[in-house]
Amino acid sequence: MKALVTGGTGTLGRLVVPRLLDAGYDVRVLSRRSRESEDGIEFAMGDLVTGAGIEAAVEGAEIIIHAAGTMKGDEDKAEQLVQAASRAGTRHLVYISVVGAERIPVTSWIDHAMFSYFESKRAAERVVAKSGLPWTTLRATQFHESLLMLVQKMAKLPVIPVPAGWSFQPIDAGEVADQLVDLALGTPSGLAPEMAGPRAYEMAELVRIYLKASGKHRLILPAWTPGKAARAVRAGANLAPDQAVGRRTWEEFLALHVSGPTHVRQGQLGRPGG
Ligand SMILES: NC(=O)c1ccc[n+]([C@@H]2O[C@H](COP(=O)([O-])OP(=O)(O)OC[C@H]3O[C@@H](n4cnc5c(N)ncnc54)[C@H](OP(=O)(O)O)[C@@H]3O)[C@@H](O)[C@H]2O)c1
C-alpha cells in the first residue's frame, strides 16, 4: 500500500507522514528539492507549479494526501495533481483546505491584497471536487505554528498594529494530521466536517498571550481593515465555533514552544505531537 503526501516536508505534511507509516503505508513525499530516502520514506522530486515530476510521484499511490500549498495559486497546483492522479487511477484524494474558504468574499483589489489565499483555497477545493477522483476535503482553522510565525514577525515592531475585530481559532497541526489520516484511510466522503481549535481569540489577545509567554513588552495598536473580506472576518467567517474539536490551546502550545524571555525552541516546531 503506497501513499503520496504532497507537502510532506511542511508543518502539516511532516506530521502526516509518520501517521501513515504507523498505519502500514509505504510513504512517498513530494518535494521541490531532491532528498535522500530515509526511515521508510521515499522522496520524489517534483513541482506542482510546473508539473515536473508529478507523473512519477503519483504512480502506484493508492491514496494521496495533498498538503502542499502556498499563499497563492493552489488551484493550479491542485489541477496539476488531479490530472496526473486521474491518469494513475488514485483511489482516494484527500485535500486540506481552510475554514472560511467559501465564506470570505474576495472581490475588490483590497480583498485580493489581503485574502486571495482564501479564494485560492476555494478554487482548489473545486478542482478536487470536479476531478472525477474519489475525494475528501477537510477545512481546518489556522495552525498554531502559522500564528506563532505571524506574531513573532509582528513582535519585531515596537508598536504592533493589530487588525481590530479579527479573531482566530488556532488548532494543533498534529490533531489535524490525525484527522486527515483517519479520513484518508476511510471511505471518500466529500466535504468533511470542519476542524477548529478549542476556542477563538481576538487577534490582540493572541498577541498579548504571546508577548507574556516570551517576556516581551510592546504597545498594541488597533488598526481598521477595509473591504468586504475583512468585514466577513470581523463577523467570524474564518471561525467554526460549532466545530471547536481541537484540544490543545494557544497557551498550551506556547508553553511547549516558546521558552525564556525572547526565543522559541525552533527544533521543536512541527514535531509529531509537539
Ligand atoms: N498553516 C495553516 O494555518 C493552515 C490552515 C489550514 C489549512 N492549511 C493548508 O494546509 C496545507 C499545509 O500547510 P502548511 O502550513 O503545512 O504548509 P507549509 O509548512 O508552508 O509547507 C508547504 C509545503 O508545500 C510544499 N510545496 C509548496 N509549493 C510546492 C510546489 N510548487 N510543488 C510541490 N510542493 C510544494 C512544500 O514542499 P517543498 O518546500 O519541500 O517543495 C511544503 O512541504 C496548505 O495547503 C495550507 O493551505 C494551512
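## Ring contacts, helix α4 and a buried loop leucine

R199 lies over the face of Y201, 3.9 Å from the ring centre. This and everything below comes from a predicted model.

**Aromatic pairs**

Searching the whole structure gives four aromatic pairs. Two of them are set out here.

| Pair | Geometry | Centre to centre | Angle between planes |
|---|---|---|---|
| F115 and W166 | tilted | 5.4 Å | 50° |
| Y117 and F118 | edge-to-face | 5.5 Å | 80° |

The pair of F115 and W166 links distant parts of the chain, 51 residues apart. F115 belongs to helix α4 (residues 109-129), whereas W166 is in the loop between β7 (159-163) and β8 (167-168). Both F115 and W166 are buried. In the other tabulated pair, Y117 has a relative accessible area of 21% and is therefore partly exposed, since buried means under 20%. F118, with a relative accessible area of 9%, is buried. Ring pairs join F115, Y117, F118 and W166 into a cluster.

**Helix α4**

F115 also marks a bend of about 85° in α4. The buried residues of this helix are I110, D111, F115, F118, S120, K121, A123, A124, E125, V127 and V128. They pack against two helices, α3 (74-88) and α8 (228-234), and against the strands β5 (92-98) and β6 (135-140). An α-helix has 3.6 residues a turn, so residues three or four places apart point the same way.

**Helices α5 and α7**

How are α5 and α7 placed relative to each other? Helix α5 (residues 144-154) packs against helix α7 (residues 203-214) at an angle of about 75°, and their axes are 10 Å apart. Angles of 65 to 115 degrees count as roughly perpendicular, so α5 is roughly perpendicular to α7. On the α5 side the contact is made by L147, L148, L150, V151, Q152 and M154. On the α7 side M203, L206, V207 and Y210 take part.

**L48**

L48 is in the loop between β3 (41-45) and α2 (54-58). Is this loop residue buried or exposed? L48 counts as buried because its relative accessibility is 5%, and the limit is under 20%. Leaving aside residues up to four places away in sequence, L48 touches T6, L30, I54, H66, A68, D76, K77, Q80 and L81. The C-alpha atoms of L48 and V29 are separated by 13 Å, with the two residues 19 apart along the chain.

Definitions and conventions
Residues are numbered from 1 along each chain as its sequence is written. This is a predicted model: local features need pLDDT of at least 70, side-chain atom pairs count only at pLDDT 80 or more; totals for chains, interfaces and linings use all residues. Side-chain values use heavy atoms; hydrogens and water are left out. Rings of Phe, Tyr and Trp (its six-membered ring) pair if their centres lie within 6.5 Å; planes under 30 degrees apart count as stacked, over 60 as edge-to-face and the rest as tilted. Helices (H or I, at least four residues) and strands (E, at least two) are DSSP runs, numbered from the N terminus. Buried means under 20% relative accessible area, exposed over 50%, partly exposed in between (1.4 Å probe, protein chains only). A charge sits over a ring if NZ of Lys or CZ of Arg is within 6 Å of the ring centre and within 35 degrees of the ring normal. The bend at a residue is the angle between axes fitted to the seven residues ending there and the seven starting there. Contact means heavy atoms within 4.5 Å. Axes are lines fitted to C-alpha atoms, for helices over the stretch in contact, and angles run from 0 to 180 degrees between N-to-C directions. Angles under 35 degrees count as roughly parallel, over 145 as roughly antiparallel, 65 to 115 as roughly perpendicular and the rest as oblique.
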